[in-house]
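Ready for a little practice at reading a fold? Keep the viewer open and try each task before you look at its solution.

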Amino acid sequence: MSKFLKIQCACIFAAVFAFSTNVRAETITDVAGRTVEIPKKVERVLLGEGRMIYSMAILDKDDPTKRVIGWQGELKTSDTNGYNAYLKKYPHIKDIPLIGQTSEASVNPETVISLQPDIAIFGIAGHGPGVTNPLVEKLQSAGVPVVFIDFRQHPMKNTIPSIKILGKVLHREEAANKYLAFYEKHLKRIQDRVAKIPANERTTVFIEMLPEVKSPTCCHTAGKGNFGEFIEAAGGHNIAADILPAVIGEISLEHVISVDPKVYIMSGTGTNDVKLGLKEGLGVTKENAAQSLKRLTTRTGVNALTAVSSIDNTHGIWHNFYNSPYNIIAIEAFAKWFYPDLFKDVDVQETFNELQEFLPVDIQGTYWVDLKDAS
């Protein structure tokens, strides 16, 4: 770093330190196990990822963007229709400064510091600054509290604590508790029933994440974490977790074929006119989602799976459930796919409609789909 830049950064840090004299309200422990003092007033929030707007929407329903003074730019590409829905209602979000584009490496520390946040909210992993990013120490040195949440790495362990933490951090505990009551009610219904299924009788499942987008053939997937935890929570046996110790990674198509899982799931996101992968999400029609799923099942090797030929056991799911507190929708859909008789009274659309009540924008679209819908 040049002498000029060092002086410039020092000036920025000094300015931020002067700015961050906000009185501390209380001390919390974030999901990374760090103790953080929370400001009494939180009016300028920095988000490590754009998709954290999903959580802000639950807590600041009137305008989840009003306190956001900077965010990562991945929302626009990873959930285009979702971004546009918020843009339509809150046009000023196009002017929210970007601290980076779509990766942790793209984050600009000087931009972050210059935004003078009251607090920074990061995910423990993903597209934004992680726990070991030097930016964390820089912010803390400048007097800016940094809080880590997680809906991506270990969502079954961290979704509920993360919402509680956000409720405290943003001083929206009542809204957080209301959402958690909804979330825990639906999760308990699933957990109580799958708890009675012996381990050796659980449905074998494989999930291919972002087919064609991540790999033209196969098999980008979740192992011990992420979507893998949704599979386990819904009573399934994630076959990738047997050989993939990481949260997300690749396994061979040959292995999937050799195991021949009973249920095959693909994840996708995008608009009705995307060319690659599975179409899912806000504004996507059921017909388009189903036809894109059908096309993906014709790939060599995938078309040899029993789950595909039997048609009832191949499904699509919205990819962004993998990094969102709305993941209860995915867990319920999985449970119905794995054990249709056991969960025949569960109506995922009804639960989705309940979720909609917490949100400021209409997110109607196709978030789960069955291969049989394309026939």
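Two worked exercises follow, one on a sheet and one on a charged residue.

This is a predicted model, where local features need pLDDT of at least 70, side-chain atom pairs count only at pLDDT 80 or more, and totals for chains, interfaces and linings use all residues. Residues are numbered from 1 along each chain as its sequence is written, and side-chain values use heavy atoms, with hydrogens and water left out.

**Exercise 1.** Work out the strand order of the open sheet of 5 strands and find its edges.

*Solution.* Begin with the order, which is E5-E4-E3-E6-E7 with parallel pairing. Strands are DSSP runs of at least two residues, and helices (H or I) of at least four, numbered from the N terminus. Next, look at the ends: strand E5 (98-100) and strand E7 (146-149) each have a single partner strand, so one side of each lacks a neighbour in the sheet. From one strand to the next, the twist averages 20 degrees (axes are lines fitted to C-alpha atoms, and angles run from 0 to 180 degrees between N-to-C directions).

**Exercise 2.** Locate Asp79 and describe its surroundings.

*Solution.* First, place Asp79 in the loop between helix H3 (75-78) and helix H4 (80-89). Then check its charge partners: Asp79 is buried (under 20% relative accessible area, 1.4 Å probe, protein chains only) and has no salt bridge (a side-chain nitrogen of Lys or Arg within 4 Å of a carboxyl oxygen of Asp or Glu). The nearest side chain of opposite charge, Arg51, is 7.7 Å away. Finally, list the contacts (heavy atoms within 4.5 Å): leaving aside residues up to four places away in sequence, Asp79 touches Tyr54, Thr269, Trp318 and Asn320.

How values were computed
Buried < 20%, exposed > 50% of the residue type's maximum accessible area, 1.4 Å probe, protein only. Lys, Arg positive; Asp, Glu negative; His and termini not counted. Pairing = 2+ DSSP bridges.
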